[in-house]
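Student: I've got a protein open on my screen. Can you walk me through it?

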Amino acid sequence: MKTFSKKINLALVMFAIVSMVVTSCKKDENVSVTGVTLNHSTLTLAVGETALLTADVQPSDADTKSVTWNTDDITIAAVDNDGTVLGVQIGTTTITVTTTDGAKTASCEITVIQAGNQKSLQGEIFGNRTLSADSVYLLKGFVYVTNGAVLTIPAGTVIKGEKSTMGSLIIEKGGKIDAQGTSTNPIVFTSNQEVGARTYGDWGGLILCGKAIINQTGGDAQVEGGPRSHYGGTDNADNSGTLKYVRIEFAGYPFQPDKEINGLSFFGVGSGTTIDYIQVSYAADDSYEWFGGNVNCKHLIAFRGLDDEFDTDNGYSGNLQFLIGLRDYRKADVSGSNGFESDNDAAGDGNTPITSPVFSNITLIGPLDTTSKSGSISSDYKRAMHLRRNTKLSVFNSVFAGWPVGLYLDGSNTWANAQAGELQIKNTALVGMISNYGVPSGSSFTSTDVTNWFTDASRNNSTIIGPLGAKIKGAFLTSTEATVPIVLPLAGSPLLSGADFTDSKITSSFFTPTTYIGAFGTEDWTAGWVNWNPQQTAY
Ligand SMILES: [Ca+2]
Ligand SMILES: [Ca+2]
Ligand SMILES: [Ca+2]
Ligand SMILES: [Ca+2]
């Protein structure tokens, strides 16, 4: 017994020694907290919805990794001691995590939005389907509005394209969309990603297919970019529905080179369709592209697109008025970004009808608010107008400003169309270009020929040294996403006069005669429905 208790005493003594050694080791090599980060710096959630914030305490072998959580405003969002956040009511607040050791902090801006009745839009739509502005819709995969179906979208409805399934809305031949927002309550197609995490091409896009005439063999073709749908027919008065006061944000998908989904694509869309007041922002391919058909469009905005602003192909022959393109000088597409890109078709042959859209009152603001900035813009920036492959595109009463090259005529058939006046440009100003004119090397005509053609007195065209001279400097997106462009020319701008509507290509009642050239005189038609910073909007 005595021996046993001695052994226990010895063990206790040894334990005490070991403990002292361990304690002293800890004291010697105490690993302190050096910082903390959160898995989100911004978070959007609906009233009643929860989300988990996770704190990463550095270094990973710190002794004390415990943290405490705090909300600036518990009436907006509450936070549990494990980082679970609950949306309480609509508003914004900040949640901060603090480490017990060292009081290091990190915070997350919380936006609480209306309790979403989020519903899915998926598969095929038959018959009549009417959405509700009280719900938020999630487009999952390719959603088809089939032949004979009508999809009605009320003003104020928000539809999010699902990133993981490349959500896209396709109005098929014989199907219709009726999306009529208002100047104070637009319809919004946008990314399903959070504030701060949205980017070019988060979802597919909006695709309209109709039965109007195209110049592809057989008069029918499959759309680009992956959907099953076909387009083209014999009915130039075809009606694919109405898009009015609609925004399309963060769309576009480079499926493969020359097979992309644009922000808004028109395939064989007929003149019975109404397109007015549309803003396409942050498209990963072209903001707008037309493939055949003859739909007319007014009041289109291409905002911070990656590839071309307004691209026309495959026999498109509609009328367009009041269009503006605004670019981020840092962002352009590897295919070469142009304001206008126009082909008769990919081969540049004579298939009819020949691509012959007629544009009036266009303002295309390029990347260069000053030519001295040419070293800092994306090298993928090319031309305000790249007219090629036998196109007969025409432009009147328009302004092109701040591109490496203004007018670039490409191909002997394109040049022949220009000489014949079938490709026409009149009452138009080139502003602040590095080179006003260009042709590909090896052409049968020269840039001097293009200069003489553009400046011929019968065309009334002009060139202006720079945006300051044109008084449109404020329209350039010179810095961050917070930049709000000033779209109206300033008082005294030479662009506020000089329009002419007597050319037979623009005498139709579609065109509203103006005194000014470009998309704006003194009325700001973007007011109320446009969003210049959709990255920061809680939808
Ligand atoms: Ca495209
Ligand atoms: Ca293009
Ligand atoms: Ca094209
Ligand atoms: Ca391009």
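Tutor: Sure, with one term up front. Two strands pair if DSSP finds at least two bridges between them. Also keep in mind that this is a predicted model.

Student: Okay. In what sense do S6 and S7 pair, and over how many bridges?

Tutor: S6 and strand S7, residues 84–87, pair in the antiparallel sense. The pairing runs over three bridges.

Student: Which residue in S7 is the bridge partner of Ala78?

Tutor: Leu86 in S7 is the bridge partner of Ala78.

Student: What holds strands together in general?

Tutor: Strands of a sheet pair through backbone hydrogen bonds, parallel or antiparallel.

Student: So in what order do S3, S6 and S7 sit in their sheet?

Tutor: The order is S3-S7-S6, in an open sheet of three strands. Its pairing is antiparallel.

Student: And which strands are at the edges?

Tutor: Strand S3 (50–52) and strand S6 (77–79). Each of these pairs on one side only. From one strand to the next, the twist averages 25°.

Student: New topic. What about S17: is it buried or exposed?

Tutor: Strand S17, residues 187–191, is mostly covered. Five of its five residues are buried.

Student: Which strands does S17 pair with?

Tutor: Strand S14, residues 158–161, pairs with S17 in the parallel sense over four bridges. S17 also pairs with strand S21, residues 241–249, in the parallel sense, over three bridges.

Student: Which residues are bridge partners there?

Tutor: Between S14 and S17, Gly161 has Ser191 as its bridge partner. Towards S21, the bridge partner of Val188 is Arg247.

Student: Let's zoom out. How many helices and strands are there in the protein?

Tutor: Four helices and 39 strands.

Student: What share of the residues is buried?

Tutor: Of the 539 residues, 52% count as buried.

Student: What are the domains?

Tutor: The domain assignment gives four entries: domain 1 (1–30), domain 2 (35–113), domain 3 (118–306) and domain 4 (359–539).

Student: How many Å separate the centres of domain 2 and domain 3?

Tutor: The centres are 38 Å apart, taken over C-alpha atoms.

Student: And what box do the C-alpha atoms fill?

Tutor: Roughly 120 × 55 × 45 Å, along the principal axes.

Student: Last one. What share of the contacts joins residues at least 24 apart?

Tutor: That share is 69%, among contacts between residues at least 6 apart in sequence.

Technical notes: Residues are numbered from 1 along each chain as its sequence is written. Chains are lettered from A and ligands numbered from 1 in the order in which they are written. This is a predicted model: local features need pLDDT of at least 70, side-chain atom pairs count only at pLDDT 80 or more; totals for chains, interfaces and linings use all residues. Helices (H or I, at least four residues) and strands (E, at least two) are DSSP runs, numbered from the N terminus. A residue is buried if 20 or more other C-beta atoms lie within 10 Å of its own, exposed if 12 or fewer, and partly exposed in between; C-beta atoms are placed from the backbone. Two residues are in contact if their C-beta atoms, placed from the backbone, lie within 7 Å. Axes are lines fitted to C-alpha atoms, for helices over the stretch in contact, and angles run from 0 to 180 degrees between N-to-C directions. Domain bounds come from an automatic or database domain assignment.
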